[in-house]
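Student: Could you take me through one part of this structure up close? I'd like to see how two neighbouring pieces fit together.

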Amino acid sequence: MSRAFRRLQWVALGAALLCSGPAQADALLEMEVCLDHFDLECARQVRDRVPSWDTIAADRAELWMAFHEGRYTDAVVALERLEQAGVRVEELERGVPYRPTAESARGMVEVTRGEVAVRYSPGLDRILVDEALDVLEASRTVYDDVFGAGPPQVIVLDIFPTATRFIGASGIPPESVRTTGVIALSKWTRLLLTSPRALGRGYGWKDTVAHEYIHLVVAYNTRNRAPVWLQEGLAKHLETWWRGDRSGHLDAHTQGLLAEAVRTGKFVPFKKFARSMAYLDSGEEAALAFAQVSTMIQFMLETTGPTGLATLMTRVGDGEDAQGTVADLAGYDDFETFRMAWRAWLRGLPLVQEQLASLPVVLDGEGDDYEGDPLLAERPDLARFARLGDLLRQRGHHEAALIEYAKAADPEQPPSPLLIARRAVCHEALDRPEEALRLLKLGVELYPEFTPIQKSLGRLLAERGQVRAALASLRVAHDLNPYDPEVQRLLTELYTSVGDEPAARRHRRYGQILATGGVEDGESVVEPG
Amino acid sequence: MPPALSTIREFLDGLVRRERTLLAAQAGAQLLGAGCLALIVASAWLSMGWRPAEAAWILGGLGAGGAVLALVFPLAMRWQASGQTLQQARRVEAHAPELEHRLVTVVGRADLLAVEGRAVLLERAAARVQTKLGEIAAVDIHPSTTSLRAWAMAVALLLITGLAQLVFPQGPLQAVAVLGGQPAGETVGDVPPPTEAAERAVVGDIVLRYVFPAYTGIDPVEIPNSDGTIHAPAGTTVQIRARTATPFESAALQVNDGTLLSADLLSDRDLYAELVIREPGVWRFWLMASEERIPSKDFNLVVEEDGAPVVTLESGASPAVPYDRPVPLGWNVRDDFGIERVVVEVTQGDQTREVELRAPPNTPRELRGALRLTPRELGLQPGESAKLKVVAYDNDLAGGNKRGESAEVEITSLGPRGRGRRLAQQTEALRDAMIPVLAAYLVEAVPPAETVSRMRAWAGEARLRYEPVRDLVEAGGGLQEGALQDDLLKDVLESGARLIRFAITTWDPAAPRRITAGDLQRFADLHGEAIVSLEKAIYIFDSLMVSAVMADIARASEGLASEAQELASRAPDMEAAELLARLDKLARTMAELAQKTSKLNDGSLQEYLNGRLDDTKNLMDQIRKAVSEGRMDDAREMLAQLAEQVQQMAEGINDRMAAGQSGEDQLGEAAQQAMDELKQLEQDQRALADELEQKRQEMGQEFSEQLELWNQLDALAKEGAERGRLAVEATGDGRGWRAESVRRLEILNERTGGIEDAVRARDLDRTGERVREAVRPAESARRTVLMERTRSRMDDRLPDGLDAAEGHAGRVREVLGEMLAVLDQLEDRQQRDDPRMQQAAQDMAAQQQELQERQQQLQKDVQSVERALPTGDGQATEAMQRAGEAMERAGGSLEGGEAMAGEGHQREAAERISEARQRLEQQMQQMQQMQQARGEMQGEQQGDGNEGEDGDAQADRDPGSIDIPAPEDFQTPEEYRRALLEGMSGDVPEEYRAMKQQYFEELVRQ
């Protein structure tokens, strides 16, 4: 081979490189845009165009895809290859928790059904799997329909067994998580959820799954152009639709917050949660923000009906201003007019005026019962009386315990759900079921997500033969915290008594899972690739 | 015979005479010396009170023996030899060797030489010898030194004998008299034993003077007009003075049937004698006149026994004592005459050792103290047991040191782990014992009964409620003195006792009285206090216990994590059987952890921990299953997962504890900041009040007049309050009084009590209001009391205290009238207040407003801190509320230009702020004590886990039991006093002041 020919070869190669470099860079940029739009299918197509000989580009693409598809070990492998190739890690990671996610997901197993997949930590969280798949499937059906479309890929839900692992995988600073009580996320085209087990008394995890899925669908349909307030408003208002509840009922706490805001005019400014709800100052502020935006959506839907949602997605996705679009769809000239009308509408709502506190989020056993109570967590002086009441109650001094519980209450503060539950137990022990029932019903009304009240109410109603009502309460208790064997036993018995054998069988199985620690066959460890 | 020879013989004869004279003189001196010696010994014997017969033997034996020896040694040995001239010649030759044996030859061979015709030789030799002898003096051959020495000795003994006569109660002359048959020297057999029938001489005016042995440290005591009974310890010299009814010629003293002792008889009737107490019995005088010997009556002689010291333990030592803390054992020793030393005997097995506690230099008759020694100082290792006994020795020199012992106490030395465990157990048991007491109080009515008998029954039942708590306190030997738990327990027991006492004395069937509204209110208050103290104690005990459990869980979970980690790392090299065995061990550790978790409150935390343990257990089941199915790789992989899971749990628990600690630190900082701000606010408020006062002083006469009027009001308000109180007290227990009268007096008392505050605050309006409010009740009370005199009664007897009540109530009415008059003057002055002063006051209102705003913010901070403090009781917030009210009033007064009232309110506000700060400070101190107690309960975690560890690292001395040096540890009493004073004057942090007081009280008790 002549020297001239060799030179020609080098020139040709250089030219090829010069031409292909920008092309690959464009591909990666395009892929990034696809991922930003929550369009995994689009990202996959772009990835396929990245030439395999450009290992760095290929590894970059693999890193992103693997991470978004939930193949965390593959993502870490790609990351390491890039590091070995001299790519600066900081540049790559950019706050994305590749390694912490892989670490947090270690040992988790996956169960797939159709277009949805749930991954969980083996053990008691097995109890969540079937219902998580149900929720996801229902969500896909309902929300894909109302929003016009849904992401084509398999939707992955990661259920992290502890808040620490969730925090690791979320990339959110732990203090933000603990301040605002964020326990689930829709990010990187996946859904991330903290197991209800990480919270002492559980939480409404099913609606939370649906809530996060709505984020995913909205981001997908609007090419991620929906602002946070719209995202949260839609998610909050529609989070119960998956289970057929389209009433838009606001819980007592939300109503109280809104009533107070209406009275004082102190709403949370939109700009404050522009980036994320996770950065709000407190759980209370976050709750008000959610209430504001969800009622705005409700207000809009009263005009447009559900069909307006698809239009909203399209228009926002096309780049129209979200505030203007919402106002327009609701029939107002601008958002300010819409907002004033919304306020007027709010004033007309029969809102509960009572100021209730939001339930504090206590993660990973970081606090005792009192720290999980909205009143007692803020008032350690009152928590002392509650503790004395508990000590008396545990030793059978129920009458005396009631006196201490009464001391623990502050008439000027929101009522304590824990004290309601404890007082009900005492009344029950003192053979005053009517008083116990009255208290529990009040508790359910004020704090429907406070599991002990739901459970006690269900049990008491069951004992009094009010099976349907008991089932309703116990069902809620199960939805909040399925790890209580007594709840599973009662549900099994009650479903059996009403002849609903499939439901009885399901809860019997849950009881079995709890009894055996969730050891079940057919689980497979998540494979790295 | 040559003439020289005759001269020689004369010389030698002279020597014979001299030597014999000297020997005789020596023998005489020795004889005298021996006699004196015998007399001295005999008189000493008699003086000691021993039998005269033995003295006679001594005197005879020693005298005779001495005489024989005195004669034998100089005379018998040398007398005969001294008479031989040849022997004398030899001595001269020995003295003058230059004679060259000529003298012996001349003296010994003179006859022989003469016979053999050698007379010339003899004559010449004799001449030479004679010449030489002329140079020798007899004194050179026989010096008188020995003889003189013997005489010197004899004279010395003679002098000693004379001295003995003066010093000894029974001198040599008496000794000789005893031998010679004289009265003083009569033998026992010579004295007729007194009989009942015998005539007795009358002896009276007896004065006894006891001179006690030096070791007793007791000063001499004189007993005039004694009945003659002698009562003293052995060794005491008793000097007896008495007087006979009739004159006698001589007298003697006899103890029991012993030798007669000399007694002086002065002026025929005044007796003086001495005796040394040896044995119990009787004593008497023998009185002699004209051959007649008459005994006095027998007087008793009682020997007071010097008993062994009595040792008692003041507090029972707890059976288990931390090895580096003093054994809480107080002791008390008493002895008749003095304590030489006190020791503690430590018996372990068959070995006993002694540790000295005290050896006071002045042998006091009573000593008390605390053991002050730790088990470690007593030689005990953690975990070891020993029997302790406090032993004291007295200072009895006569009968030897006697020993007294305390009861035996068995203790066990606890290491940090054991101490923490014991403290946690005690705390839990006490908490559980107090809960039923609280429950009973909470559910009962107040008052619990309406009749006297039922209230009495209630009081008995209420007392029984505390029995389990008291039993625990006693069984455990009490908690550490000065510790928070101890204080809380005392508060619980004392508040209960106050309530029960009040119930018993108020509802007393023996002294029935009308129960007033005040009684019921007082009962309700005491009932409430009993509940509050129980609530506080239970809550704090519970918090401490839960903290200890959490710490225990954290430690156990860390152990579990490291165990799991080790198992996971070694798993690749393990066989299936070994793996299963290790899993079983891990399961046991988990079971222990689960057991500890069960002690937590049955809440979410417990559920969380149990859930994590369940997860771990399930994973272990899966591992076992994998191992049994031969899936070793799966098993190992799951082991890694297990290790991580357990590690996460351990970290979670530790994070929670760290978060708790961090929260407490933040709370401490917030509290400190609040206290600093309170101090600043108080200073600023005082400064503003001072400024106002300054201005008022500057603005002249009007101020001093007002001040004078306010001073008058001060005095009147005080008198009114005092009279009101006395009027109620005068009704006593209310017997004989109409209930209405007592009630009106109580109302009056209540009203007058409230006036003082208003006056102190210089609040003209409020004072006027209070005074006017009190006028009517005062008038009403006065009238009803007056009616008590006239109303009809069953027994026509006026109630006790009526006069006093009438007087006080009447005076209260007068006082109120005087106050109204002064108030009028003040109001008048107020209206005429200097416009400049009014303006100045108004100018100051803005500053006061600013202070009030600061107070409002600070009140929120104080409330927030107080609520968060586990020891908070709301008192600081209450004080701040009162401060705010006073500031409000101050602001109002200033705005109205009322400088005097404004200043009063300002000062009141400053006082309340100061009170708030003090309350907060107190609560913080209690929290620190709580943290300290928690640290002790967690000693198990702080130690290295070895029960037998050396505790130096843990030797954080209990501040409540400081090692107090005994006085004898100081070189001089002055040093000790100086150290004491220095210590007392030294400053200590607030929380240690009580301890300091306790320390010096204990010192003073030494």
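Tutor: Sure, let's look at which residues of α3(A) and α4(A) meet. Keep in mind that this is a predicted model. On the α3(A) side you'll find A:I56, A:D59, A:R60, A:E62, A:L63, A:A66 and A:F67, and facing them from α4(A) are A:Y72, A:D74, A:A75, A:A78, A:L79, A:R81 and A:L82. Sort that contact by class and you get nine nonpolar residues, five charged ones and no polar ones. Among the nonpolar ones in the contact are A:L63 and A:F67 from α3(A), plus A:L79 and A:L82 from α4(A). The charged ones include A:D59 and A:R60 on one helix, and A:D74 and A:R81 on the other.

Now for how the helices sit against each other. Two packed helices are described by the angle between their axes and by the distance between those axes. Helix α3 covers residues 55-69 of chain A, and helix α4 covers residues 72-84 of chain A. Their axes are 8 Å apart, and the packing angle is about 155°. Angles over 145 degrees count as roughly antiparallel, so α3(A) is roughly antiparallel to α4(A). There's also a handedness to note: α3(A) and α4(A) make a left-handed crossing.

If you want to trace this on screen, pick out A:I56 and A:A66 in α3(A), then look across to α4(A) for A:Y72 and A:A78, which are also part of the contact.

For another spot in chain A, try A:D281, in the loop between α12 (252-264) and α13 (283-304). A:D281 counts as exposed because it has 11 C-beta neighbours inside 10 Å. A:S176 is 105 residues away from A:D281 in sequence, yet their C-alpha atoms are 8.7 Å apart in space.

How values were computed. Residues are numbered from 1 along each chain as its sequence is written. Chains are lettered from A and ligands numbered from 1 in the order in which they are written. This is a predicted model: local features need pLDDT of at least 70, side-chain atom pairs count only at pLDDT 80 or more; totals for chains, interfaces and linings use all residues. Axes are lines fitted to C-alpha atoms, for helices over the stretch in contact, and angles run from 0 to 180 degrees between N-to-C directions. Helices (H or I, at least four residues) and strands (E, at least two) are DSSP runs, numbered from the N terminus. Angles under 35 degrees count as roughly parallel, over 145 as roughly antiparallel, 65 to 115 as roughly perpendicular and the rest as oblique. A crossing is left-handed if the near helix is turned anticlockwise from the far one by less than a right angle, and right-handed if clockwise. Two residues are in contact if their C-beta atoms, placed from the backbone, lie within 7 Å. A residue is buried if 20 or more other C-beta atoms lie within 10 Å of its own, exposed if 12 or fewer, and partly exposed in between; C-beta atoms are placed from the backbone.
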